[in-house]
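Biologist: I am new to this model. Please take a single part of it, look at it closely, and then work outward from there.

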Number of protein chains: 2
Amino acid sequence: MLCQLTASEARRQIAEGLITSQQLVQACLDRIAETDESIGAWVHVDAEGALSQAREMDDLRRKGRTLGPLHGVPVGLKDIFDVKGLATECGSPARKGTIAEIDCRVTANLRQAGAVVMGKTVTTEFAFLNPADTGNPHNPAHSPGGSSSGSAAAVAAGHVPLAIGSQTNGSTIRPASFCGIFGYKPTRGVISRAGVLQTSVTLDQVGVFGRSLEDVSLLADALSGYDPHDPASLARPSPCASAGLRRQPPVEPVFAWLDLSFNDKMSSDARDGINEILSGLGSRVERIEAPKSVNALVDYQKIVHEYEIARHLADDFEHHWDVISETLKPVVERGRSYSDEQYAEALSMVAGAENYFEEFFHDYDAIIAPSAAGEAPLKTDGTGDPVFCTVWTTAGLPAVNLPLLSGSTGLPIGVQLIGSGEHDDRLMTTAQWMVNSLAAAE
Amino acid sequence: MLCQLTASEARRQIAEGLITSQQLVQACLDRIAETDESIGAWVHVDAEGALSQAREMDDLRRKGRTLGPLHGVPVGLKDIFDVKGLATECGSPARKGTIAEIDCRVTANLRQAGAVVMGKTVTTEFAFLNPADTGNPHNPAHSPGGSSSGSAAAVAAGHVPLAIGSQTNGSTIRPASFCGIFGYKPTRGVISRAGVLQTSVTLDQVGVFGRSLEDVSLLADALSGYDPHDPASLARPSPCASAGLRRQPPVEPVFAWLDLSFNDKMSSDARDGINEILSGLGSRVERIEAPKSVNALVDYQKIVHEYEIARHLADDFEHHWDVISETLKPVVERGRSYSDEQYAEALSMVAGAENYFEEFFHDYDAIIAPSAAGEAPLKTDGTGDPVFCTVWTTAGLPAVNLPLLSGSTGLPIGVQLIGSGEHDDRLMTTAQWMVNSLAAAE
């Protein structure tokens, strides 16, 4: 099925003239038409725009022009990323019909890479916890996770090979885990957030979804780069995730498992699955008791996140309080209640975490951890607990979800690998080694 | 000599640990200290900043981080490009001490590529015709050309392997020709002008200088990409000049020589040199009488350029008329005198030229043309006539200066090749074929 191709394979077939971008985009549009009524991954599918971009990409190819790394490949964007001419509604009635006047940097980089912008995927309210109505493609009664609910669901459902999300806490890795796909959040500062909804200038990061390690690497590499319009953007060469995949580890990698205070929130099927992987890795994994300061990041993250969201979205809360959910309201009120001293302390603990982990990776290639508590919860129970991502996101570390397990009811469960900051290439080398060695052991 | 390495060679030696970026930057700083008093290529050399960037690039390498395509290589920027924290003075007292608050896109892309920002090079007044005091490294009594005077001189003098300029008429190709180096102006819209002095939104383009085709391609590729903040920026994959160099032409290329009304401005030594190249190419060159509409572009260019500069710099002219040169004042007055109808007609002729040349390159791989009238004029005689670049710049075509000839007094004379819009890769394939075949014939 065309609509289930990986992006890498689709790009190759387009480049070689075996398929056209128009055929691929049409196959994806057909798939969306058939299945999105029950899934609800999309806020807006720009069918006409996507077909017209596909025609342009096919045209460039026929003229012998240089092809982009995502030439002709359709991509979905979480509805917090600006796409010129389309609305950015951020999952809230407060932003209903707000048309973007200019592409955000991520969208611009997609066009530069030759990707086709397929439309906007569903986000939870302001990329926070109040669930949207999107269903998990593996079982629509269950949540796809959040806040990048539609992006993860769209890739899993065969709507698009690639999609873009964000992660302030666990909004990429957790939905990737629930939907059984690859998710990748690069090091903080590698992908620009200029033109994207800002919920936390300190914690917001961009993440991507795909059907293989190669795909998420290809997409993240196309999006990466210094942008002076994002204060967190790194003014130096970006790590190249794809280059990491082309490398073999010089020696077999060494993993760390951190015992963290919240690990008891794992379901038994997730615990069993991960234990099996850990024992397969044998002496390649070292079990470490996490220091208090690392456990404490969960509380500090909450202060930073809530303090900042209350301020960054102050306009929305002031003018549209009546349409803000009962999930978000108490968060905003708490956010307003923190003192500047509390906030400053929390910020300094976040900076400390970055330093801690810089040392840490002298001894380990990657941390292995759960991506989420277990299988996707029922939609009525929310989008799941992001806590299994909090520490790593807060420290700005690169993280990837590997869809390796399934739970007691047959829904997917992912495994998370976390790497050293700005060594995303090394994380990918390690991740690929692990996927291959598990496959060989089967 | 370290300071005379090509950028490609320097990058390789840095990547392999044979030299450090610090050593290279220091060698370039030493060379500047020794020679810039007589040349005057620099407005500001940021020695401290450059050494600190070099240390960072060396540090990243030692940590095993991904290297950029220009990792550790120093680059000079014409003083119309914003570099955060440095002044952008545009060659005019009107802009004295204007510190840039943010990097322009070109500077940002340099940092992303791992390049070291060496400082700001001399531009003529507002990148127009009034000469600066820079001397030609081959003979300081002569002009290096303009308006990118300092950038061309700095590369030729061994101050930096790479530099960035601009071209609204002939401001990259002409100084490259006078200074005996490679100059390359990519297709209009390939490199963003956001954060760069705007003299003509229609005609302004970014150009680059280097010591080899590989170098100018490497630099332009690192700078290229879609930027929604530049209205001319192309929202699709950029041509990859470097890829063009790695290719052999499928068949031997075919060239066009256009007989243009202003060709009689060529000096006899330039004419002789070019005629020798043309006869060497034999039946591979077709001589074509340029249609009237192409000759007329010179007049239409003038209207568009003057009309726009009068408006884009209205603030400077309003508040600093007393420091505007007697060369520029009549230009501004003429610019103000054109009617909107004259401007609109000129704009439509510019658009017509783009269409004409789109057809044209179905039959030819490149146009061969003079880069300038001949050798560099004396400084007292100005920066030379840009007319040999006007048609191609106005049509937005990619152009490259090849430093192939020398004139009757031993100063360099360049040959210009012009390619099809957005087929910069094909232009580079052709240029390399020509350079190689001339070398083989010697």
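**One ring pair and its surroundings**

Modeller: F255(A) and W433(A) are both buried, where buried means under 20% relative accessible area, exposed means over 50%, and partly exposed is in between, with a 1.4 Å probe and protein chains only. The model is predicted, so local features need pLDDT of at least 70 and side-chain atom pairs pLDDT 80 or more, while totals for chains, interfaces and linings use all residues. Residues are numbered from 1 along each chain as its sequence is written, chains are lettered from A and ligands numbered from 1 in written order, and side-chain values use heavy atoms, without hydrogens or water.

Over all chains, a search of the whole structure gives 24 aromatic pairs; rings of Phe, Tyr and Trp (its six-membered ring) pair if their centres lie within 6.5 Å, and planes under 30 degrees apart count as stacked, over 60 as edge-to-face and the rest as tilted. One of these pairs joins F255(A) and W433(A), with 6.0 Å from centre to centre and 35 degrees between the planes, and it is tilted. F255(A) belongs to strand β7 (residues 255-259) of chain A and W433(A) to helix α16 (residues 424-441) of chain A, so the pair ties together parts 178 residues apart in sequence. Helices (H or I, at least four residues) and strands (E, at least two) are DSSP runs, numbered from the N terminus.

F255(A) is also among the residues touched by I368(A), as are A256(A), W257(A) and M434(A), leaving out residues up to four places away in sequence. Contact here means heavy atoms within 4.5 Å.

I368(A) leads to the core. The largest nonpolar core has 125 residues, and I164(A), F357(A), I368(A), W392(A) and M434(A) are those with the most contacts inside it. Domain 1 (2-238) and domain 2 (255-441) of chain A both give residues to this core, so it lies between them. Another core, of 124 residues, lies apart from it and includes V25(B), L51(B), L278(B) and F357(B). Such a core is a set of buried Ala, Val, Leu, Ile, Met, Phe, Trp, Tyr and Cys residues joined through side-chain atoms within 4.5 Å.

The domain bounds come from an automatic or database domain assignment. Taken over C-alpha atoms, the centres of domain 1 and domain 2 of chain A are separated by 22 Å. Across the boundary, 54 residues of domain 1 of chain A are in contact with 59 residues of domain 2 of chain A.

F357(A) and W392(A) also belong to one aromatic cluster, together with Y356(A), F360(A), F361(A) and Y364(A).

The loop between β7 and α9 (268-281) of chain A holds N263(A). N263(A) is buried, at a relative accessible area of 8%. Apart from neighbours within four places in sequence, N263(A) contacts W257(A), L258(A), R271(A) and F388(A).

Last comes the second chain. A turn of 180 degrees and a shift of 0.0 Å along the axis lay chain B on chain A with an RMSD of 0.0 Å. The two copies are thus related as by a two-fold rotation axis. The superposition is by least squares on the C-alpha atoms of residues with pLDDT of at least 70 in both. Of the interface residues of chain B, 100% are also interface residues in chain A, so the copies meet through the same surface.
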